[in-house]
Amino acid sequence: MIMENTIYSLPLICSLTGALLCLLPIRSFERIASIAASVAALGSVIYLFSREDIISDIYHIDGLSKLLLLTIGILYLSTVLYSLAYLKHIHNPLFKNRMYYFLLNLFASSMFFSVSMDNIGLIWVGIEATTVTSALLVATENDQITIESAWRYVIIVSTGLVISLIATTFLYGASGSLSIASLMQNHPNNRVFLLGILLGLIGFGTKAGIFPMHTWLPDVHGKAPAPVSAIFSGVLLPVALYAMARLIQIYDVPVVKIFSITLGALTVGVASLMITVQNNYKRMFAYSSMENMGMILIGFALGKYGLIGSVIIIISHGLAKSSAFYLTGNILSVYKSTNLQDVHGLIRRMPATGFTLFFTSMAVTGAPPFAIFIGELFIFREFVHQYNWAIALLLILFLAIAFIAVNVRTGRMIFVGKEPEGPREFRAETWVPIINLLLSVAVIFLIPYLEKLLINFI
Amino acid sequence: MEQTFEILGFLLIVFTLLMQWEVYVNKVILLFSISSFIVALFLVLLGISRPGENYLLFVLAGLTVLTRGLIIPIIMTRALHSLYKKPWRVREDKPIMGIGGSILVSLILILVGYFIYQNSLYEVLKIHSGSVPFALFMQASLLIISRKNAYIQMMGFLVMENAVVMLSGWVFSGLPFIVEAGAILDLLGLVVVSSLIIRVRESAIMQEGDIYEKELRG
């Protein structure tokens with residue numbers, strides 16, 4: 001039985017093996033090992049879709065976990081592939097490529113671990129491990145500002161996660177169990193347990209970039225290497241949201257729902273307003289991620305159609321936003337600046353990057369017919385059904401502000417300005433964001449299947 | 001025995017207050033190490049006073065001495081030695097808050113911790129001094145917020161972790177061992193990674209001065 005269940009650990013085992021192989025002192029072997037590990041991990045995740053859900057003492061892999069595993073698997077592979085080319089543009093790295101790939105593989109394995117466990121304490125351990133494995137990845141470019149952002153990441157996120165550790169203590173103290181499955185079936189109805197759930201939402205919310213503990217997010221996304229920003233935005237934030245979703249699922253009472261919706265709405269509002277004052281395109285996309293995380297949290301709190309909407313956004317945002325961050329890597333390597341004013345005429349200098357960025361920007365801000373738009377429609381449908389139009393309209397207003405601010409700024413970079421000096425460029429690595437964008441569009445076709453997968457959750 | 005726990009809790013708060021007022025980094029590390037030993041002693045006494053529970057509190061006490069009392073302070077001290085020629089003279093010259101202000105804020109935070117506990121959890125838990133871990137947690141938060149030195153901020157974070165160990169052992173009779181072990185492993189990894197980052201950060205600041213403020217704003 002144990003051996004049979006081990007199959008559910010395959011993505012974790014593949015990425016861990018990849019990490020260990022990176023340590024072998026063979027020239028450039030870390031690249032081959034990472035590609036092989038990420039392909040194997042993605043293959044094993046796809047295989048898991050053919051298996052029954054499993055809820056045991058160790059694992060809790062249902063439809064939601066499988067979809068998270070799939071998103072992590074795709075972004076793990078695409079980040080490895082994009083890194084192969086991008087690392088050449090880093091002139092003064094903090095460590096050798098071998099260490100970069102070692103940490104990247106470990107980072108992926110800690111995310112696989114986090115979304116597979118049945119124990120809230122172990123989910124906490126996994127999410128804290130993502131901080132340990134990714135902090136140095138943030139600092140790869142090795143200048144003072146990057147190092148400072150890495151430090152802010154460590155101290156703010158770790159402090160936030162201590163709050164969720166206290167929450168875990170409360171939950172265990174109140175119920176005597178940390179198993180998601182058993183807590184869903186039977187949990188106490190007292191103040192300690194409620195406090196544990198609320199503190200957990202704040203603590204894990206820190207890692208997910210949820211207001212008010214979000215301040216690390218723009219710093220890290222603004223300064224980390226493009227592939228690292230991509231995997232952070234695409235899957236690290238949703239992995240932390242996954243923990244929040246489980247807490248909401250365990251204690252689905254009005255106070256928890258309203259608390260989560262309030263946090264989500266504040267996150268959407270703050271992020272949308274912050275986007276309007278950004279001069280740095282990477283920070284702008286970081287705030288856009290924050291806005292999407294706010295919407296996902298609202299959807300999780302609403303449940304039913306809201307939950308399906310959240311999952312649609314998680315997958316399509318993960319793919320499209322990673323695509324946007326990969327493209328910022330292309331831009332940064334040519335224009336040598338992250339300032340919006342310094343980038344112009346992208347469509348002439350880098351046509352493929354420009355075109356893809358245009359559609360990516362539309363996709364991440366929820367333009368129809370991209371999947372994020374559909375996800376948001378689902379969430380608003382549920383919101384109006386359970387609450388009222390007034391707050392929904394306010395949220396729509398904030399989304400509209402973000403939509404206009406991001407697309408106007410991106411449009412200026414792509415279409416406005418004279419052709420900059422230098423030859424036109426097409427880079428082979430641009431295929432990675434193009435494919436991710438296409439996959440993001442294809443999420444629409446998965447929607448009927450999502451409902452079946454999430455039936456137990458709904 | 002309950003009074004012994006209260007005295008140890010009080011001692012932990014005093015040590016955190018001393019860390020708040022101390023400007024020399026190596027002394028803050030030493031104070032953290034001593035406070036970790038007090039946490040371990042606390043866990044041992046807790047294990048003795050609750051014989052029916054299990055031996056895990058003793059194991060946790062041993063792990064606390066080993067990791068928080070010894071390994072982490074050694075890692076931090078070595079990081080300090082590798083960066084500075086005279087590590088014992090490394091200090092934070094201009095803390096954000098003066099000693100007078102920090103005394104006042106610390107006392108207010110202790111009262112806030114007590115107030116929150118009495119009005120939210122005491123009714124359920126019925127442990128008189130259960131507010132101690134909360135007060136300790138708030139002290140640690142103040143240490144992180146009120147200091148700019150990365151080593152001292154890290155110590156603040158570690159004091160927070162000590163507060164959680166105390167909370168879980170005293171108030172809630174511990175977490176499952178696998179979770180405690182995972183948390184300790186994460187903590188060790190975090191300290192190693194943080195030491196590296198702090199080292200690079202401090203050496204960059206020594207060479208170039210603080211230049212990061214503008215770009216990380218907004």
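A residue is called buried when its relative accessible area is under 20%, exposed when over 50%, and partly exposed in between (1.4 Å probe, protein chains only). By that rule, buried residues make up 67% of the 458 residues in chain A.

This is a predicted model, in which local features need pLDDT of at least 70 and side-chain atom pairs count only at pLDDT 80 or more, while totals for chains, interfaces and linings use all residues. Residues are numbered from 1 along each chain as its sequence is written, chains are lettered from A and ligands numbered from 1 in the order in which they are written, and side-chain values use heavy atoms, leaving out hydrogens and water.

**Chain A as a whole**

Chain A holds 20 helices and two strands; helices (H or I, at least four residues) and strands (E, at least two) are DSSP runs, numbered from the N terminus. The C-alpha trace of chain A spans about 65 × 60 × 40 Å along its principal axes. Its radius of gyration is 21 Å, which agrees with the value near 23 Å for a compact globule of 458 residues. That radius is taken over C-alpha atoms, and the globule rule is 2.2 Å times the number of residues to the power 0.38.

Counting contacts in chain A between residues at least 6 apart in sequence, 80% join residues at least 24 apart. Here a contact means heavy atoms within 4.5 Å.

**Salt bridges**

Side chains of opposite charge can pair when their charged atoms come close. A salt bridge is a side-chain nitrogen of Lys or Arg within 4 Å of a carboxyl oxygen of Asp or Glu, and there are 10 of them over all chains. Three are listed here:

| Acidic residue | Basic residue | Closest N to O |
|---|---|---|
| Asp219(A) | Arg152(A) | 3.1 Å |
| Asp219(A) | Arg283(A) | 2.9 Å |
| Glu382(A) | Arg381(A) | 3.3 Å |

What does the salt bridge between Asp219(A) and Arg152(A) tie together? Asp219(A) lies in helix α10 (residues 216-223) and Arg152(A) in helix α7 (residues 144-175), so the pair ties together parts that are 67 residues apart in sequence. Asp219(A) also pairs with Arg283(A), in helix α13 (residues 281-302), 64 residues away. Asp219(A) and Arg152(A) are buried, and Arg283(A) is buried too.

These residues belong to a network of salt bridges linking Glu148(A), Arg152(A), Asp219(A), Arg283(A), Arg201(B) and Glu202(B).

In the pair formed by Glu382(A) and Arg381(A), Glu382(A) is buried at 1% relative accessible area, whereas Arg381(A) is partly exposed at 43%.
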